[in-house]
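Hi everyone, thanks for making time. I'd like to walk you through a structure that may be new to you, so have a look at it while I talk.

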Amino acid sequence: MRHRAILRGADVVAGMLERIGVDRIFSVSGNHVMPVYDALIDTRIELVHARHEAACVHMADAYARTTGQVGIALVTGGPGHTNAIAALYTALASEAPMILLSGHASLAEIGRGAFQELRQADMARPVTKTAWTLESARSAGHALARAAHIARSGRPGPVHVSLPIDVLEEEVDSSADLWPEAAAWLSTPIPLASSAADRILMHLHAADRPLLLGGPTLCGFAGRARMSELEQAIGAPVFGMESPRGINDPGLGSFAELLAQADLVVLIGKALDFTLRFGEPPFVSKDCSFVVVDPDPGQIALVREHKGDRLLFAALADPFSAIQSMIDRTDEPPERATEWLENARRASAFRPAEWKNVSSQATRPAGHIHPLELCAVLQSFFDQHPEGTLVCDGGEIGQWPQSMVRANRRLINGVAGEIGPSLPYALAVKCARPEHPVIAVMGDGTFGFHMAELDTAVRHRLPVVVIVGNDARWSAEYRIQLRDYGAERAKYCDLLPSRYDKVAEALGGHGEFVTSVNELAPALERAVASNKPACINVMIESVAAPTVKRPEKQS
């Protein structure tokens with residue numbers, strides 16, 4: 001940041017973001033934030049200008065989860081803010097440490113019908129950890145440091161700060177007291193005490209069939225590595241859960257069957273919510289006990305309220321610190337744990353046998369491929385590119401690669417279950433890891449939400465590959481209609497078999513149209529080799545999302 005004797009509030013905002021370590025901001029411009037745009041010119045921060053405010057939030061969300069930095073979305077006030085806050089729900093559920101900065105009407109005009117005047121912080125508060133409006137240029141640096149601290153600490157999540165334009169334009173003398181110390185914006189670890197780790201390990205050793213479950217914070221690349229280390233150390237199965245399908249997430253195999261057998265469930269930053277069917281029978285045994293390790297006392301209180309004396313122990317700690325403490329306090333795992341752990345690994349790996357024989361099925365309409373055939377090509381690609389990232393969402397098509405494709409790095413739409421964020425996610429991941437491929441798989445309904453972000457990808461030279469599974473319908477909702485109301489009442493969910501590949505070409509990217517599985521791998525190779533943002537429009541057989549069920553045991 002260039003040194004000046006007099007600074008605007010916008011200069012303090014930009015300078016503080018640079019001090020925090022922000023290297024990218026995802027933004028859509030507007031009247032109320034133009035002073036910040038001007039101030040950013042004097043920093044090293046890159047601004048990625050998107051086409052919709054919700055996309056900015058999704059990008060900041062994905063960037064935070066990919067890099068571990070605080071993600072920043074910057075939008076204008078009024079409708080810019082309202083467009084953005086809808087996406088905060090997904091960031092909150094995914095536990096993404098990010099900040100939404102929104103322009104705001106002048107404080108001097110509040111209550112007089114100011115341009116785009118809204119109670120913005122009040123609107124954002126239900127979908128953030130906290131939200132407030134900046135009150136002065138002199139407090140701007142400290143306010144942003146506090147926002148970063150809150151976003152990172154405890155259970156990570158989004159924070160909102162509204163930036164009134166008169167505060168951004170306010171001038172203040174440059175002085176040391178504008179800038180807080182580094183500790184003000186760093187996270188505060190919540191370590192698990194050694195005595196608490198010993199208590200948890202005692203309960204694990206006493207159980208015959210324990211399960212440890214991690215929440216969204218542990219479902220990134222680093223978190224999954226730590227969960228794997230914990231599993232090795234204690235000899236008990238550890239699962240990460242981040243899908244809205246919960247216990248029926250096909251990526252977890254026959255996890256639901258395993259959960260029903262558990263006699264102890266240890267929740268590590270994992271809410272006892274709908275994804276676990278609230279821990280109620282028959283999904284969880286009525287005799288199953290619980291241990292909770294969580295940075296949020298409210299989550300502990302909920303389990304205590306609903307499980308009573310079945311809650312054996314609870315401790316306040318953040319997930320990463322808790323895992324490290326448990327590993328440090330572990331001796332040899334009990335020998336009896338081996339069989340249960342192997343059962344859990346087989347359950348996780350289980351996939352129905354008929355999925356392997358899809359290519360022999362003769363029911364497929366001409367010019368369409370089955371999602372499993374798409375998955376086989378994707379698996380081959382990620383086997384060759386182990387540093388690549390798989391991004392998925394979509395009501396039905398996105399579930400197939402989540403279940404069948406083993407990628408070392410992946411990002412999905414998370415517990416909130418929103419469809420639409422995967423293209424913005426992909427762009428943010430490419431910003432974070434430009435040297436590695438990013439493949440985003442989504443449905444044709446999903447693609448429509450943020451299709452224009454292909455333009456963002458072209459302008460910012462972000463060569464992601466988007467694979468659109470095109471079955472010309474809102475497939476998830478169509479399946480609900482079939483199931484609940486019958487085929488004769490399955491109406492209103494049709495789409496056109498549109499040439500989405502042509503959209504990419506028209507915007508300056510690369511397009512491929514695929515109607516045969518034999519065309520798919522070469523199309524993917526050409527898309528990656530083009531070094532342009534690419535859309536591979538794949539005509540797929542319209543099938544339901546995968547459901548994993550073991551064959552019933554013979555008596």
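Before anything else, a word on how charges are counted here: Lys and Arg count as positive, Asp and Glu count as negative, and His and the chain ends are left out. With that in mind, the protein chain carries 53 positive and 65 negative side chains, and the centres of those two sets are 3 Å apart. And please remember that what you have in front of you is a predicted model.

Okay, the overall picture. The chain has 21 helices and 19 strands. Its radius of gyration is 25 Å, close to the 24 Å that the globule rule gives for 555 residues, so the chain is as compact as a globular protein of that length. If you put a box around the C-alpha atoms along the principal axes, you get roughly 80 × 60 × 45 Å.

How much of it is buried? Of the 555 residues, 58% count as buried. The exposed surface comes to about 22800 Å², with carbon and sulfur atoms supplying 52% of that. And take the contacts between residues at least 6 apart in sequence: 77% of those join residues at least 24 apart.

Now let's zoom in, starting with strand β9, residues 210–214. That strand is mostly covered, with five of its five residues buried. Pro-210, Leu-212 and Gly-214 point one way, while Leu-211 and Leu-213 point the other way. Which strands does β9 pair with? One is β11, residues 264–268, which runs parallel to β9 and is joined to it by five bridges. In that pairing, Leu-211 has Val-265 as its bridge partner. Another is β10, residues 238–240, also parallel to β9, with three bridges between them. There, Leu-212 stands opposite Val-238.

Move along the chain to strand β14, residues 389–392. Here Thr-389 and Val-391 point one way, Leu-390 and Cys-392 the other, and all of them are buried. Four bridges tie β14 to β15, residues 409–412, and the two run parallel. Thr-389 sits opposite Arg-409 in that pairing.

Staying with that part of the chain, look at Ser-422, in helix α16, which covers residues 422–432. Is Ser-422 buried or exposed? It's buried, because its relative accessible area is 0% and the cut-off for buried is under 20%. What does Ser-422 touch, once we skip residues up to four places away in sequence? The list is Val-391, Cys-392, Asp-393, Ala-440, Val-441, Met-442 and Thr-446. Two of the names there, Val-391 and Cys-392, we just met in β14. Also, the C-alpha atoms of Ser-422 and Ile-412 are 7.3 Å apart, and those residues are ten apart along the chain.

Thr-446 was on that list too, so let's go there. Thr-446 lies in helix α17, residues 444–447, and counts as buried at 3% relative accessibility. Leaving out neighbours within four places in sequence, Thr-446 is in contact with Asp-393, Gly-394, Ile-419, Gly-420 and Ser-422.

A quick stop at Gln-379, in helix α14, residues 371–384. Gln-379 is buried as well, with a relative accessible area of 17%. Beyond its neighbours within four places in sequence, Gln-379 contacts Met-404, Val-405 and Arg-406.

One more helix: α19, residues 475–485, where Ser-475, Ala-476, Tyr-478 and Gln-481 are buried. Right after α19 comes Gly-486, with a positive phi near 95 degrees.

Last topic, the backbone oddities. Most residues other than glycine have a negative phi, and most peptide bonds are trans. Where do we see something else? Glu-95 isn't a glycine, yet its phi is positive, near 60 degrees. Glu-95 is in the loop between α4 and β5, and at 8% relative accessibility it counts as buried. Phe-278 also has a positive phi, about 60 degrees, without being a glycine. Phe-278 is in the loop between β11 and β12, and is partly exposed, with a relative accessible area of 48%. Pro-282 is found in the loop between β11 and β12 too, and the peptide bond from Pro-281 to Pro-282 is cis, with omega near 5 degrees.

That's my tour, thanks for listening.

Technical notes: Residues are numbered from 1 along each chain as its sequence is written. This is a predicted model: local features need pLDDT of at least 70, side-chain atom pairs count only at pLDDT 80 or more; totals for chains, interfaces and linings use all residues. Side-chain values use heavy atoms; hydrogens and water are left out. The radius of gyration is taken over C-alpha atoms; the globule rule is 2.2 Å times the number of residues to the power 0.38. Buried means under 20% relative accessible area, exposed over 50%, partly exposed in between (1.4 Å probe, protein chains only). Contact means heavy atoms within 4.5 Å. Accessible areas come from the Shrake-Rupley method with a 1.4 Å probe; for residues, only the protein chains shown count as cover. The place of a charge is taken as NZ of Lys, CZ of Arg, CG of Asp or CD of Glu. Two strands pair if DSSP finds at least two bridges between them.
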